[in-house]
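Thanks for coming, everyone. I have one structure to walk through today. Please take a look at it on the screen.

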Amino acid sequence: DLLKRSRSAAQLRSTGSLRRFSTPAVLINTSDVILQPASVPEETVATAKVAACKGVAGWDVARVITELDGLGMSQYGAQFQREGVDGDLFVQLDDEMLRDDFGVSNRFHRLKLMSFVRKCR
């Protein structure tokens, strides 16, 4: 039995690694549980990213801002909102525009945004 092999229930409760579920007779030693992420083929991930860009020409400003949030670039949302960047404008952005017109001074942020823009073209 799992509890007898590792530690007593009292020891497990004191360390916080024992969790009790709705059925009192079920005890699980969470320190002995190993979780591994599911394997997802690279082509599936790439397809999902490209699929997210479908219909970009029809995106409104709110959708562009949602995509910025998804990229972890929400700090630029207000500027995109002020400039009224919809899907049509979004796919026309270039590095110079991001830097000079939108204030994206961080080069890596521009690279990340431009990579996404290229995938959406």
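Let's go straight to Gly 84, which sits in the loop between H5 and H6. Keep in mind that this is a predicted model. Is Gly 84 buried, exposed or partly exposed? Gly 84 has a relative accessibility of 29%, so it counts as partly exposed. What does Gly 84 touch, leaving aside its neighbours within four places in sequence? Its contacts are Val 61 and Leu 89. One more distance for this spot. Between the C-alpha atoms of Gly 84 and Val 64 there are 9.7 Å, and in sequence the two are 20 residues apart.

Now the core. The largest nonpolar core has 21 residues. Seven of its members touch the most others: Trp 59, Phe 80, Phe 90, Leu 98, Leu 113, Phe 116 and Cys 120. Which elements give two or more residues to this core? They are helix H4, residues 61-70, and helix H8, residues 107-120. H8 supplies the largest share, with five residues.

Pick out Leu 113 from that list. Set aside the neighbours within four places in sequence. Leu 113 is then in contact with Leu 68, Leu 71, Met 73, Leu 98 and Val 104.

Next, the rings. A pair of aromatic rings is described by two things, the distance of the centres and the angle of the planes. How many aromatic pairs does the structure hold? Three. Start with Trp 59 and Phe 90. Their ring centres are 6.0 Å apart and their planes stand at 40 degrees, so this pair is tilted. The two rings come from distant parts of the chain, 31 residues apart. Trp 59 is in the loop between helix H3, residues 42-51, and H4. Phe 90 belongs to helix H6, residues 87-90. Both Trp 59 and Phe 90 are buried.

Move on to Phe 80 and Phe 102. This aromatic pair is tilted too, with 4.7 Å from centre to centre and 35 degrees between the planes. Again, distant parts of the chain are linked, here 22 residues apart. Phe 80 is in helix H5, residues 77-83. Phe 102 is in the loop between helix H7, residues 95-100, and H8. Why does Phe 80 count as buried? Its relative accessibility is 0%, so it falls under the 20% cut-off. Phe 102 has a relative accessible area of 10%, so it is buried as well.

One ring still to place. Ring pairs join Phe 116 with Trp 59 and Phe 90 in a cluster. Recall that Phe 116 was also on the list of core residues with the most contacts to other members.

Now the charged side chains. There are four salt bridges in the structure. Arg 63 forms one with Glu 67, and their closest N and O atoms are 2.7 Å apart. Both residues lie in helix H4, four residues apart, about one turn of the helix. Their exposure classes are worth reading out. Arg 63 is partly exposed, at a relative accessible area of 29%. Glu 67 is buried, at 14%.

Over to helix H7. Arg 99 forms a salt bridge with Asp 95, with 3.9 Å between the closest N and O atoms. Arg 99 and Asp 95 both lie in H7, four residues apart, about one turn of the helix. Asp 95 is partly exposed, with a relative accessible area of 31%. Arg 99 is partly exposed, with 37%. Arg 99 also meets Asp 100 in a salt bridge, at 2.9 Å from N to O. Asp 100 has 47% relative accessibility, so it counts as partly exposed. Which residues are joined into one network by salt bridges that share partners? Asp 95, Arg 99, Asp 100 and Arg 110.

Let's finish on Arg 110. This residue is found in helix H8. Is Arg 110 buried or exposed? Buried: its relative accessible area is 7%. Leave aside the neighbours within four places in sequence once more. The contacts of Arg 110 are then Asp 95, Leu 98, Arg 99, Val 104 and Ser 105. Two of these names, Asp 95 and Arg 99, also belong to the salt-bridge network. Leu 98 and Val 104 also appeared among the contacts of Leu 113.

That's my tour. Happy to take questions.

Conventions
Residues are numbered from 1 along each chain as its sequence is written. This is a predicted model: local features need pLDDT of at least 70, side-chain atom pairs count only at pLDDT 80 or more; totals for chains, interfaces and linings use all residues. Side-chain values use heavy atoms; hydrogens and water are left out. A nonpolar core is a set of buried Ala, Val, Leu, Ile, Met, Phe, Trp, Tyr and Cys residues joined through side-chain atoms within 4.5 Å. Buried means under 20% relative accessible area, exposed over 50%, partly exposed in between (1.4 Å probe, protein chains only). Contact means heavy atoms within 4.5 Å. Rings of Phe, Tyr and Trp (its six-membered ring) pair if their centres lie within 6.5 Å; planes under 30 degrees apart count as stacked, over 60 as edge-to-face and the rest as tilted.
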